[in-house]
Amino acid sequence: MPSRQAPRILTIKHDHDDNNEGNPSMKQIPDLGKNTLDKPDPWAKFRGLTWWQLVLSIAPILLLPIGGAIGGAIGGAGLFANLSLARKQLRTPSKVLAMLGVALGSYLGYALVAGLLYNLIKG
């Protein structure tokens with residue numbers, strides 16, 4: 001009986017150069033917008049990211065349980081901004097600082113908006 005080799009689902013090539021420091025090139029990751037049932041894949045934007053990119057991308061959305069709708073809106077904007085930054089061709093230290101800045105800016109923006117609304121309602 002001939003042996004059958006399992007199909008290769010995803011192959012990522014690594015470019016070991018100075019621009020992406022050994023991380024997979026985002027241009028080489030296949031389109032993950034559809035799953036095997038030809039339905040939209042809700043997790044496609046998160047696939048192919050490293051663990052630290054995922055953590056920094058998700059950090060702003062933690063405003064949702066703290067700030068309700070306002071926190072969720074600001075956190076959602078921060079999440080999508082960080083996902084966009086994670087796909088950019090930047091050096092790792094620059095990318096980390098930019099993503100941390102977006103997360104911090106989300107929390108500071110929420111504090112500012114919540115403080116202004118509190119003063120308007122109280123005042």
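Modeller: A crossing is left-handed if the near helix is turned anticlockwise from the far one by less than a right angle, and right-handed if clockwise. Keep in mind that this is a predicted model, where local features need pLDDT of at least 70 and side-chain atom pairs count only at pLDDT 80 or more, while totals for chains, interfaces and linings use all residues. Residues are numbered from 1 along each chain as its sequence is written, and side-chain values use heavy atoms, with hydrogens and water left out.

Biologist: Okay, basics please: in what order do the elements of the protein chain run from the N terminus on?

Modeller: Helices (H or I, at least four residues) and strands (E, at least two) are DSSP runs, numbered from the N terminus. The protein chain has three helices and zero strands. From the N terminus on, then, the order reads α-α-α.

Biologist: And what share of the 123 residues of the protein chain count as buried?

Modeller: Buried means under 20% relative accessible area, exposed means over 50%, and partly exposed is in between (1.4 Å probe, protein chains only). The protein chain exposes about 8900 Å², with carbon and sulfur atoms supplying 65% of it (Shrake-Rupley method, 1.4 Å probe; for residues, only the protein chains shown count as cover). Of the 123 residues, the buried share is 27%.

Biologist: Of the contacts between residues at least 6 apart in sequence, how many percent join residues at least 24 apart?

Modeller: Contact here means heavy atoms within 4.5 Å. Take the contacts in the protein chain between residues at least 6 apart in sequence; the part joining residues at least 24 apart is 50%.

Biologist: Now the packing. At roughly what angle do the axes of helix α1 and helix α2 cross?

Modeller: Axes are lines fitted to C-alpha atoms, for helices over the stretch in contact, and angles run from 0 to 180 degrees between N-to-C directions. For α1 (residues 51–58) and α2 (residues 63–87), the axes come within 8 Å. The angle at which these two cross is roughly 155 degrees.

Biologist: Does that make α1 roughly parallel or roughly antiparallel to α2, or what should I call it?

Modeller: Under 35 degrees counts as roughly parallel, over 145 as roughly antiparallel, 65 to 115 as roughly perpendicular and the rest as oblique. With the axes crossing at roughly 155 degrees, α1 is therefore, relative to α2, roughly antiparallel.

Biologist: How do the residues of the contact of α1 with α2 divide by class?

Modeller: The crossing is right-handed. On α1 the contact uses Gln 53, Leu 56, Ser 57 and Ile 58, and on α2 Leu 79, Asn 82, Leu 83 and Ala 86. Ala, Val, Leu, Ile, Met, Phe, Trp, Tyr, Cys and Pro count as nonpolar, Asp, Glu, Lys and Arg as charged, and the others, Gly among them, as polar. The split comes to five nonpolar, three polar and no charged.

Biologist: What about α1 and α3: which residues of α3 make that contact?

Modeller: The axes of α1 and α3 come within 9 Å and cross at roughly 20 degrees, which means that α1 is roughly parallel to α3. The crossing is left-handed. From α1 come Trp 52, Gln 53, Leu 56 and Ser 57, and they meet, in α3, Thr 92, Lys 95, Val 96, Met 99 and Leu 100.

Biologist: Gln 53 keeps turning up. Is it buried or exposed?

Modeller: Gln 53 lies in helix α1. Leaving aside neighbours within four places in sequence, Gln 53 touches Ala 86, Lys 95 and Met 99. Its relative accessibility is 2%, so Gln 53 counts as buried.

Biologist: And Leu 56: how far is its C-alpha atom from that of Val 96?

Modeller: Leu 56 also belongs to α1 and is buried, at 13% relative accessibility. Outside its neighbours within four places, Leu 56 has contacts with Asn 82, Val 96, Met 99 and Leu 100. Leu 56 and Val 96 are 40 residues apart along the chain, yet their C-alpha atoms are separated by 8.1 Å.

Biologist: Last pair, α2 and α3. What classes does their contact have?

Modeller: These helices pack at about 155 degrees with axes 9 Å apart, so α2 is roughly antiparallel to α3. α2 passes α3 in a right-handed crossing. Residues that meet include Leu 63, Ile 74 and Gly 78 in α2 and Ser 106 and Tyr 110 in α3. By class, the contact has 15 nonpolar, six polar and one charged.

Biologist: Which residues is Ser 106 in contact with, leaving aside its neighbours within four places in sequence?

Modeller: Ser 106 sits in helix α3 (residues 92–122), where it is buried at 6% relative accessibility. Its partners are Pro 60, Leu 63, Ile 74 and Gly 78.
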